[in-house]
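Q: I am new to this structure and would like to learn how to read it. Could you take me through it one feature at a time?

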Amino acid sequence: STQSTGVALRPPNFLVYLKSVFIVNLLVFLMYYVVMKTAHHGEKVSHVHVLLFLVTLLTWLLALFFLAFRTSISPGISPALSREAAKPCVVMEMFDGHDAWHFFSASG
């Protein structure tokens, strides 16, 4: 699973790859947890739980998208060079991909 994530996303550096693996691993564990609770323990899942799960899944996937494809993370370079390499703002013409990643990963 982790190797296929790396091949499918082709992240720009190791930190993005590692964060992507953690996010995908968390999603897989959450799905496993829900299946085990409902199938083996007989707990009911209400519509509110399904809605909250779908919203969480959407925000995590958006966070993964912005992390893998829209950030200009370059650890080890100076702040001045990082500022020059920054990508244009993509969300409401105010926030770049890295800011969007912070927002979506925190809200999920």
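Q: Which residue just after α2 takes a positive phi?
A: Keep in mind that we are looking at a predicted model. The residue is Gly-42, with a phi of about 70 degrees.

Q: How many helices and strands are there in the protein chain?
A: The protein chain has 5 helices and 0 strands. Read from the N terminus, the order of elements is α-α-α-α-α.

Q: Why do the ends of helix α2 lie 38 Å apart?
A: A helix span can be reckoned at 1.5 Å a residue. Helix α2 holds 27 residues, 14–40, so the expected span is 39 Å, and the 38 Å between its end C-alpha atoms agrees.

Q: Which residues of α2 are buried?
A: Here, buried means under 20% relative accessible area. In α2 that applies to Val-16, Ser-20, Val-21, Ile-23, Val-24 and Leu-27. Over the protein chain, 21% of the 108 residues count as buried.

Q: How is empty space found, and what is the volume of the largest pocket?
A: Rolling a probe the size of a water molecule over the atoms reveals where space is left empty. In this model, the largest pocket has a volume of about 330 Å³.

Q: Which residues lie nearest the centre of the largest pocket?
A: Of its 14 lining residues, those nearest the centre are Tyr-33, Val-34, Val-45, His-49 and Phe-53. Two elements, α2 and α3 (47–69), each give two or more residues to this lining. The most come from α2, with 6 residues. Sorted by class, the lining has 8 nonpolar, 3 polar and 3 charged residues.

Methods. Residues are numbered from 1 along each chain as its sequence is written. This is a predicted model: local features need pLDDT of at least 70, side-chain atom pairs count only at pLDDT 80 or more; totals for chains, interfaces and linings use all residues. Side-chain values use heavy atoms; hydrogens and water are left out. Helices (H or I, at least four residues) and strands (E, at least two) are DSSP runs, numbered from the N terminus. The expected span of a helix is 1.5 Å times one less than its number of residues. Buried means under 20% relative accessible area, exposed over 50%, partly exposed in between (1.4 Å probe, protein chains only). On a 1 Å grid over the protein atoms alone, a cavity is a set of points where a 1.4 Å probe fits but cannot get out, and a pocket is an open set with protein on both sides within 12 Å along at least five of seven lines; lining residues have an atom within 4 Å of a point. Grid points are joined across faces, edges and corners, and a volume is the space filled by probe spheres set on the points. Ala, Val, Leu, Ile, Met, Phe, Trp, Tyr, Cys and Pro count as nonpolar, Asp, Glu, Lys and Arg as charged, and the others, Gly among them, as polar.
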